[in-house]
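Here are my notes for someone opening this structure for the first time. Have the model in view and turn it as you read.

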Amino acid sequence: MASPRHFLTLLDFSPAELQGLITRASEMKRAHRAGDDQRRFPGKVLGMIFAKSSTRTRVSFEAGMAQLGGHAMFLSPQDTQLGRGEPIEDSARVISSMVDIVMIRTFGHDIVERFAACSSVPVINALTDDFHPCQLLADIQTWTEHRGPVAGKTACWVGDGNNMCQSYINAARQFDFQLRIACPPGFEPRSELLAANRDRVELTHDPVTAVRGADLVVTDVWASMGQEAEQKTRARQFAPYQVNEALMAHAASDALYMHCLPAHRGEEISAGLMDAADTVIWDEAENRLHAQKALMEFLLQNR
């Protein structure tokens, strides 16, 4: 039996496959809004393993699987042997023998890698400390729906060099755009990722320089899950990196800005931008649903 396809980072799919997912996600979005029946996978079960809590991830995957005609099963460490010391490899073998596809939202990226290595069904990374590829599908879908192809454009990441920033580095490679990263000293993304993509990724500590002329500006919270104790310290270090109206004035005149949510209004992004009539942040959030439906469809069809 052939090994299943997994989606642990954007590099697991070819650029053509990723572009196909974006196109398909928009098709499924239009069909959903038209009330078309999308129940292509009756009886299929999605196992959802959550070591980190979530709003958008849980709602989008659970609703998405229901819209595809299947069922989603919520599994937390408190309710399973994963939280009581059972080896990840053993859990992977057992869970994958009973469900058709698995998504995992957890801490160390090695956890999803170890689970996928022993899983007999497709595994989706729904967030790790290193990467958040599902969010990038939604972001690129949002850009494409509002501005067309992203290839050749310039995106700018402002803030922490976190899992979202690192996923944007992979996205720049896979979707063929330029990326500028502005972060405080000491908060850079992984050096090997920067080195491997030096032809299209530029690092600076000056947000104005990074944003100047950019087509897309993206940010995230300054302290991610598990870093709450650092919140006050980080707030001081990141204060010059707020995405606000003054910073956006340096971007291209038709630039979009995005945030994967949840947002701390008045910290990493201004309340004015969050509440602006022309913001695409809410489209971006909704597109998690449709991008992930396209992803699950692809993986279930290519098992």
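1. Let's begin with two helices. Helix α1 (residues 15-33) packs against helix α5 (residues 133-147), with about 70 degrees between them and 10 Å between their axes. Angles from 65 to 115 degrees count as roughly perpendicular, and α1 and α5 are therefore roughly perpendicular to each other. The crossing of α1 past α5 is right-handed. Bear in mind while looking that this is a predicted model.

2. Next, find the four-stranded sheet. This open sheet has its strands in the order β2-β1-β3-β4, and the pairing is parallel. Its edges are β2 (71-75) and β4 (123-127), each of which pairs on one side only. From one strand to the next, the twist averages 20 degrees.

3. Inside that sheet, take a look at β1 and β3. Strand β1 (residues 45-50) runs parallel to strand β3 (residues 101-105), and five bridges pair them. If you want a spot to click on, Leu46 has Ile101 in β3 as its bridge partner.

4. Now for the other sheet. Five strands make up an open sheet with parallel pairing, in the order β7-β6-β5-β8-β9. Both β7 (201-204) and β9 have a single partner strand, so each is left with one side that has no neighbour in the sheet. The twist here averages 20 degrees from one strand to the next. Towards the β7 edge, strand β6 (residues 178-182) is joined to β7 by four bridges, and the two run parallel. Ile181 has its bridge partner, Leu203, in β7.

5. β8 deserves its own point. Which strands does β8 pair with? Strand β5 (residues 154-158) is joined to β8 by three bridges, in parallel, and strand β9 (residues 256-259) pairs with β8 over four bridges, also in the parallel sense. For residue-level landmarks, Ala155 has Leu216 in β8 as its bridge partner, while Val217 is partnered with Tyr257 in β9.

6. Stay on β8 and follow its side chains. In a regular strand, side chains alternate between the two faces of the sheet. Here, Leu216 and Val218 point one way from β8, and Val217 and Thr219 point the other way. Are these four buried or exposed? All of them are buried.

7. On to the aromatics. The model has seven aromatic pairs. One of them is Trp222 with Phe238: the ring centres are 5.8 Å apart and the planes meet at 25 degrees, so the pair is stacked. The cut-off behind that label is planes under 30 degrees apart. Trp222 sits in the loop between β8 (216-219) and α9 (231-238), and Phe238 belongs to helix α9, so the pair ties together parts 16 residues apart in sequence.

8. How buried are those two residues? Trp222 is buried, at a relative accessible area of 4%, and Phe238 is buried too, at 0%. They also belong to a wider group, since Phe187, Trp222, Phe238 and Tyr241 form one aromatic cluster.

9. Finally, two arginines to check against rings. Arg5 lies over the face of Phe13, 4.8 Å from the ring centre. Arg58 does likewise over the face of Phe74, at 3.9 Å from the ring centre.

Terms used
Residues are numbered from 1 along each chain as its sequence is written. This is a predicted model: local features need pLDDT of at least 70, side-chain atom pairs count only at pLDDT 80 or more; totals for chains, interfaces and linings use all residues. Side-chain values use heavy atoms; hydrogens and water are left out. Rings of Phe, Tyr and Trp (its six-membered ring) pair if their centres lie within 6.5 Å; planes under 30 degrees apart count as stacked, over 60 as edge-to-face and the rest as tilted. Buried means under 20% relative accessible area, exposed over 50%, partly exposed in between (1.4 Å probe, protein chains only). A charge sits over a ring if NZ of Lys or CZ of Arg is within 6 Å of the ring centre and within 35 degrees of the ring normal. Two strands pair if DSSP finds at least two bridges between them. Axes are lines fitted to C-alpha atoms, for helices over the stretch in contact, and angles run from 0 to 180 degrees between N-to-C directions. Angles under 35 degrees count as roughly parallel, over 145 as roughly antiparallel, 65 to 115 as roughly perpendicular and the rest as oblique. A crossing is left-handed if the near helix is turned anticlockwise from the far one by less than a right angle, and right-handed if clockwise.
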